[in-house]
Amino acid sequence: MRFAQFLVDLAFLLDNSLRYQRVKRFFKNLLENDDYPYKKYFDYFMIFLILSSVVIIIEEVKTPISKWLYYYDVYFVTGVFIVEYLLRLWVYNDVHKIIILEYEESLFLERPFDTKRVLKEIVKKKLEYIFSPLAIIDLLAILPSYRELRILRIFVLFRVFKLLRYSQNITHFFQVLASKKIELFTLLMLVAFTILVSGISIYVFEEQHNPHINTLYDAFYWALVTISTVGYGDIAPVTHEGRTITMIIILVGVGLISFATSIIVSAFSEKLNEIRENRIVHMAKKLDNYYVICGFTHMAQLLAKRFQRERIDFLIIDNDANVVEKALAEGYLAICEDATQANAFRHINFNSVKAVMALTQTDMHNIYICLNVRSFSKECFVISNAVDNNSHKKLRLAGADYIISPYITAGFFAAKIIDEPIAIEAIKDILIARKNALCEQVEVIKGSFLEGKQIKDIDFDRYKLILLGIVKMEESLSKEKFHHKFIFNPDEEQRLEVGDILIVMGYSVSIANFKSQVVGSSLKHEKKA
Amino acid sequence: MRKKHKILLFGFGRYAEQIAKNLALDAHHVLIASFNKEELKIAAKNGFKDLYIVDIEDDAQLTDLILDHDITHVFCAFDDEEKNIYLTITFKSLFRTLPVIAICESKETERKLKLAGADKVIDTMVAAANRLYYIVEKPAVAEAIDEILFKDKSIIFEEIKVPRGSFLDGKNIKDIAFSKKYKIIVIGLVDKELGNKFIFITRGINHKIDAGDVLVVVGKKEDIKNFKKLLGAMV
């Protein structure tokens, strides 16, 4: 009874210890969580250990190795492997939770604490891990260090297998094959059956006549070599009966081979999309500061083109596979998901998303998308396309921060094009940044030569720029994104303050030059100070 | 002052509604035609008076409409792109010189409309998509563009043709302080000496302004009006 009490106390102690939880979580992340940033380095480290130890063991086959390498392999590598194995066993599940569960249950049902059952449960869980394929490989990979038994060296292979754990591509391959478990099993049975039948019959017919077939083992070896269409020819049938069997199993062999090929090929073609999607999601995860575009409509395509030109990262989500195909063909990151479903955003880390844009053709979808995004992130900037004028309010309620309507802009441009075709062309050129004419914002940085100057003191002509206006930040409102005050064509006397934004127009070279001067002057100022 | 046009606008869908409103703002005479009674009802609700129900496949009806009303421009602004292409072809076959403007939503239709002979084709999404880019990447610029183009009605874009004998004729563009003296900003110009192309002022060429050149300016309505008056008065 005292042992039971001790178990329960220990369990509660662990459950309450924040430090224990933290350490355990750290190791769990390090070993099992693909999204954990440091897991990558751990994986590289392990891959290095494995490769180096394999090289050492191979080298050892022919030449004696130096003492240090031997120590490295036997103590260090094996030591790390053992520690890793034990850690994995440890983080596989929480033992103290089992004890607490049983304890609470026993209190609730008013029956004595069943130590035996708890221990059985714990052992069962841990054995579950020990007998999982990857754990077996881990265990066997530790063995080759025991040099006294040469046969154990074969387990060096398991060190190579251990690489599986650290490489995503290979695990994908096995996942694909695992999806065809039933078919592959059927095939295996078929092969085993054929080998059995043909092996036994060749043994019966030729054991007396053929000097190469002495045992049943030889017969099975011959059968496998023949049906696999490898046909070494070291064992060949000599009797008529044997040759007849050979002819039959060659035909069967061709069938089996094509069966195997087709299973594997179909497994891959079925899973290909999934694998590709996984890869894209993985790539998107690595991005920082990117945009998510929902719906690859015409507007989205134009936007994507612009983003690509400006080298800005983005991810496209569309629920039409054909459209996604098109986006992928353009070289964009795209996944086929329904953005109105929570599922679509499960892989997306909204902290690194700059903005989500709902650009589908129907307001209903856009509203759903806005709501969906809001359910994941309250802060993320959301822009939505509005088809109907009546939807603006609904979209706002659904959480859209900004609403864009192609109809309004198009209406404006279309109406003006009659009277002022040249002006409209010019505006369009600026908007699209065609002909290298740009509209750009330049912030007045602290210490730069712009600070405190009046407009008339700055010779925009020399920079080959036009000053369209300035955007003044208003202190109290500066937190909100779209709350600036725009002053068109400001007065000569207007003084520039830190935080003001100049809206200038000009060619990309002129703008780049101006910007670098502004930044440069502020850096110089800092150096002086 | 500026010549007012008689514009025949086809359709009253989402685009046409905005176009009609903008045209009316500029005091153009807008006539609206559609085969769809519902659309015309909406147009009537929005205060448009000259409404016509037409069968867009009936050439005689279309011809009459154009001739009876002295139409100067035709606008094909159905939401359905195919109808715009069809109308463009029809008008171009009936009236060779009548300017036809059409809207489209994709590159493919734009190409077809140009083949059909449309004088101006507006890709409705281009402006919106690029605005979107500014909103997320350069909010201050987006704000400025919004302010100039849409929000602040007192700021306008305008093309000004330089009259013969005006004080600009024969001057170099850099010698005139447009922004200081007249409070307008010259974005660029079409210099007839250099061809019919629009050139941004920031190119840095010191153009010699001649009669017939077109300046594209942006400024307060009042200032532009005064400037034009000044330009005209000296002739």
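**Exercise 1. The two chains**

How many helices and strands does chain A have? Describe chain B in like manner.

*Solution.* The structure is a predicted model. Step one: chain A has 19 helices and ten strands. Step two: chain B has nine helices and ten strands. Step three concerns burial. In chain A, 30% of the 529 residues count as buried, and in chain B buried residues make up 43% of the 235 residues. Step four turns to contacts along the sequence. Among the contacts in chain A with a separation of 6 or more, 63% are between residues 24 or more positions apart. In chain B, 57% of the contacts between residues at least 6 apart in sequence join residues at least 24 apart.

**Exercise 2. The nonpolar cores**

Identify which residues of the largest nonpolar core touch the most other members, and which helix supplies its largest share.

*Solution.* Step one: the largest nonpolar core has 152 residues, and those that touch the most other members are Ile293(A), Ile316(A), Ile503(A), Leu9(B) and Ala77(B). Step two: helix H6 of chain B, residues 124-137, gives this core its largest share, nine residues. Step three: take Ile293(A) and set aside its neighbours within four places in sequence; its contacts are then Ala300(A), Leu303(A), Ala304(A), Phe314(A), Ile316(A), Met357(A) and Leu359(A). Step four: there is also a second, separate core of 13 residues, with Trp222(A), Ala223(A), Ile235(A) and Ile249(A) among them.

**Exercise 3. The contact between the chains**

State how many residues each chain brings to the contact, and describe the side that belongs to chain A.

*Solution.* Step one: chain A contributes 61 residues and chain B contributes 63 residues. Step two: on the side of chain A that touches chain B, the largest share, ten residues, comes from helix H17 of chain A, residues 406-416. Step three: by class, this side of chain A comprises 42 nonpolar, nine polar and ten charged residues.

**Exercise 4. Two helices of chain A against H6(B)**

Why do H13(A) and H6(B) count as oblique to each other? Treat H17(A) and H6(B) in the same manner.

*Solution.* Two packed helices are described by the angle between their axes and the distance between the axes.

Step one: helix H13 of chain A, residues 298-309, packs with H6(B) at an angle of about 50°, the axes being 8 Å apart. Angles of 35 to 65 degrees fall outside the parallel and perpendicular classes, so H13(A) and H6(B) are oblique to each other. Their crossing is right-handed.

Step two: on the H13(A) side, the contact is made by His298(A), Met299(A), Leu302(A), Leu303(A), Arg306(A) and Phe307(A). On the H6(B) side stand Met125(B), Val126(B), Ala128(B), Ala129(B), Asn130(B), Leu132(B) and Tyr133(B). The residues of this contact comprise ten nonpolar, two polar and one charged.

Step three: the axes of H17(A) and H6(B) come within 8 Å and cross at roughly 120°. H17(A) and H6(B) are therefore oblique to each other, and their crossing is right-handed.

Step four: H17(A) makes the contact through Pro406(A), Thr409(A), Ala410(A) and Phe413(A), and H6(B) through Thr124(B), Met125(B), Ala127(B), Ala128(B) and Arg131(B). By class there are six nonpolar, two polar and one charged residues.

**Exercise 5. Positive phi outside glycine**

Locate Arg311(A) and Asp70(B), and determine whether each is buried or exposed.

*Solution.* Most residues other than glycine have a negative phi.

Step one: Arg311(A), which is not a glycine, has a positive phi of about 55°. Arg311(A) is found in the loop between H13 and strand E2 (314-318) of chain A. Because Arg311(A) has 6 C-beta neighbours inside 10 Å, it counts as exposed.

Step two: Asp70(B) likewise has a positive phi, near 60°. Asp70(B) lies in the loop between helix H3 (59-69) and strand E4 (73-76) of chain B. With 8 C-beta neighbours inside 10 Å, Asp70(B) therefore counts as exposed.

**Exercise 6. Two partly exposed helix residues**

Find the helices that hold Val160(A) and Phe259(A), and explain why each is classed as partly exposed.

*Solution.* Step one: Val160(A) lies in helix H8 of chain A, residues 156-166. Val160(A) counts as partly exposed because it has 13 C-beta neighbours inside 10 Å. Val160(A) and Ile137(A), 23 residues apart in sequence, are 9.5 Å apart from C-alpha to C-alpha.

Step two: Phe259(A) lies in helix H12 of chain A, residues 240-286. Phe259(A) has 15 other C-beta atoms within 10 Å and is therefore partly exposed. The C-alpha atoms of Phe259(A) and Glu183(A) are separated by 9.5 Å, and the two residues are 76 apart along the chain.

Key: Residues are numbered from 1 along each chain as its sequence is written. Chains are lettered from A and ligands numbered from 1 in the order in which they are written. This is a predicted model: local features need pLDDT of at least 70, side-chain atom pairs count only at pLDDT 80 or more; totals for chains, interfaces and linings use all residues. A nonpolar core is a set of buried Ala, Val, Leu, Ile, Met, Phe, Trp, Tyr and Cys residues joined through C-beta atoms within 7 Å. A residue is buried if 20 or more other C-beta atoms lie within 10 Å of its own, exposed if 12 or fewer, and partly exposed in between; C-beta atoms are placed from the backbone. Helices (H or I, at least four residues) and strands (E, at least two) are DSSP runs, numbered from the N terminus. Two residues are in contact if their C-beta atoms, placed from the backbone, lie within 7 Å. Ala, Val, Leu, Ile, Met, Phe, Trp, Tyr, Cys and Pro count as nonpolar, Asp, Glu, Lys and Arg as charged, and the others, Gly among them, as polar. Axes are lines fitted to C-alpha atoms, for helices over the stretch in contact, and angles run from 0 to 180 degrees between N-to-C directions. Angles under 35 degrees count as roughly parallel, over 145 as roughly antiparallel, 65 to 115 as roughly perpendicular and the rest as oblique. A crossing is left-handed if the near helix is turned anticlockwise from the far one by less than a right angle, and right-handed if clockwise.
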